[in-house]
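Reader: I would like a close look at a single part of this protein, the open sheet and what lies against it. Please take me through it step by step.

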Amino acid sequence: MPKRGCTCLLFSLLVFPSYFPFGFHQHSSSMLSIRKYWSKSTHIIMSSIPSILEETSRSLVSNVTETPKTPAYLCLAIAGGGGHAISALASTPGASAILLEGTVAYDRRSMQTYVGGQELSKHKFVSKESAALLARAAVRRAMQYRHALRDYPHCIGLGVTSALITCKERPGRGSFGYICATRADGCQWSCRVGFAPQLRNRIEEDQLMGQLALKAVEQLQRMGKAEITKNDERDIIEDVSFVDNNLSDEAFAAAERILAGVTDAVLLLPNEDKSSFIAMTDPILPSSSLVFPGSFNPPHDGHMTLANVAADSFSENETTPVFMELSLTNADKPSLDPRSVSQRAQKFLELDNLPTQCGLLLTSAPLFSQKVKALTSFMTPAIDANDKKLGFIIGTDTMRRILDPKYYENSVENMLGAVREMGRVGVRFVVGGRLEQGKNIAKPVFVSGHEELEELPKDVQAMFSIVSEEQFRVDISSSEIRREAAVATDPDK
């Protein structure tokens with residue numbers, strides 16, 4: 001109580017000195033000094049910048065809550081100034097509709113950890129490139145926090161890096177920074193900001209940088225057409241750039257990038273009406289995912305039926321996402337042509353029974369060991385390590401190859417060791433049977449895969465889940481479809 005009373009008394013003396021006829025007002029010079037200090041220290045309270053920041057935050061939240069068909073899931077990464085963007089957004093009612101995470105990576109080593117280290121070493125701490133790297137890393141984190149694939153295209157990463165007022169002298173150099181907002185579909189808005197020198201204090205500059213950072217997200221949502229104004233005419237907003245990365249043929253462009261060695265994998269997701277694919281900035285897989293490797297030449301209803309059955313059986317609690325994986329490179333054949341990749345991608349969109357959560361994953365991993373290494377690195381870390389599962393949907397032919405000792409230097413022990421190693425990183429297999437027929441087979445037989453597992457150790461058997469004939473049997477193959485198409489084109493074949 002005494003401390004509270006003293007505080008109230010001091011406040012009253014400073015603001016209302018004439019109310020105290022005890023001689024305090026007689027020391028006019030001392031009182032003037034105190035009131036000047038009070039005015040300076042409370043300047044930020046009277047400034048218009050906090051209200052502008054709060055207004056921008058409210059506008060951003062209301063844009064999302066009032067338009068549920070265009071959601072946004074935001075992760076912020078702030079290096080240097082601009083951290084008020086996080087606190088302003090977090091204190092806005094309804095912020096949970098948009099805000100996933102806010103991180104202040106103040107030290108360079110913290111920033112390196114956030115973006116992954118190596119790339120950042122090529123650039124200055126405060127630069128356009130560093131802001132873009134922060135935004136890209138923030139997008140990845142946003143995607144990792146959303147388990148529904150339909151949310152991926154709406155994930156946004158905001159990167160801010162700046163050098164504001166500091167205790168160190170920087171002669172002839174005002175405060176400046178870079179802002180970059182990136183969405184998972186590749187759209188990006190960025191700019192450079194320069195503040196007029198000796199106009200504001202550190203807190204004001206930080207708040208203003210935060211306000212402009214949130215404006216960048218609004219610009220991204222409005223395709224670069226939102227209004228952005230300077231707080232003072234002496235400030236600078238330059239190098240403004242908006243990139244709409246949506247292409248008419250995302251599959252073709254993605255295939256070109258993979259074959260050119262620009263990237264190892266690209267994730268394509270169907271748009272809302274399933275008329276085309278959207279390429280994601282990063283191939284992020286949820287911690288429990290199914291991957292269906294194949295050539296898909298062409299994809300057909302049998303593929304989708306098996307994918308749906310596998311998705312239903314793989315997880316009891318939620319719909320497991322299924323990724324159709326198409327490797328553009330092959331150990332024994334030439335690489336796929338981008339035009340062929342585009343045609344196969346389009347065939348997927350023409351099928352009626354795509355899984356609820358489905359994506360097309362283009363890779364350059366023809367070997368199974370390469371697939372496991374690449375795909376596990378794309379997966380979101382699980383809260384419980386035991387929950388991390390990467391399931392492969394395979395046919396009995398592929399299962400036979402995985403379990404054949406001849407691919408492991410003719411050693412059963414080597415084969416078991418390799419399979420168990422896959423199991424240690426969360427790999428499981430869902431096996432669909434097939435009708436085996438041919439010239440040397442008197443009567444077609446449905447092969448389920450049970451016989452191949454009978455002689456294996458129990459722990460290895462447990463890695464394989466056999467889909468029964470009652471659950472799945474579709475007597476159709478891509479080779480038959482190609483033959484029929486060839487006959488329809490040329491009856492003499």
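Author: Begin with a helix, keeping in mind that this is a predicted model. Helix H9, residues 250-259, lies across three strands: E7 (265-270), E8 and E11 (358-363). Against E7 the helix runs at about 170°.

These three strands belong to an open sheet of eight, with mixed pairing and the order E8-E7-E11-E10-E9-E12-E13-E16. At the edges stand E8 (277-279) and E16 (464-466); each has a single partner strand, so one side of each is left without a neighbour in the sheet. On average, neighbouring strands of the sheet are turned by 30° against each other, direction ignored.

Further along the order, E9 (residues 288-293) and E10 (residues 322-327) run parallel and are joined by four bridges. Here Pro293 stands opposite Glu325 in E10.

Now the packing. The largest nonpolar core has 63 residues, and the members that touch the most others are Phe392, Phe429 and Phe464. Its largest share, nine residues, comes from helix H7 (residues 128-145). A second, separate core holds 36 residues, including Leu354, Cys358, Val430 and Val467. In soluble globular proteins, nonpolar side chains tend to be buried together.

Take Phe429 as the example. Setting aside neighbours within four places in sequence, Phe429 is in contact with Phe368, Phe392, Ile394, Ile402, Met422, Met463, Phe464 and Ser465. Two of these, Phe392 and Phe464, were named above with Phe429 among the core members that touch the most others.

Definitions and conventions:
Residues are numbered from 1 along each chain as its sequence is written. This is a predicted model: local features need pLDDT of at least 70, side-chain atom pairs count only at pLDDT 80 or more; totals for chains, interfaces and linings use all residues. Side-chain values use heavy atoms; hydrogens and water are left out. A nonpolar core is a set of buried Ala, Val, Leu, Ile, Met, Phe, Trp, Tyr and Cys residues joined through side-chain atoms within 4.5 Å. Buried means under 20% relative accessible area, exposed over 50%, partly exposed in between (1.4 Å probe, protein chains only). Helices (H or I, at least four residues) and strands (E, at least two) are DSSP runs, numbered from the N terminus. Contact means heavy atoms within 4.5 Å. Two strands pair if DSSP finds at least two bridges between them. Axes are lines fitted to C-alpha atoms, for helices over the stretch in contact, and angles run from 0 to 180 degrees between N-to-C directions.
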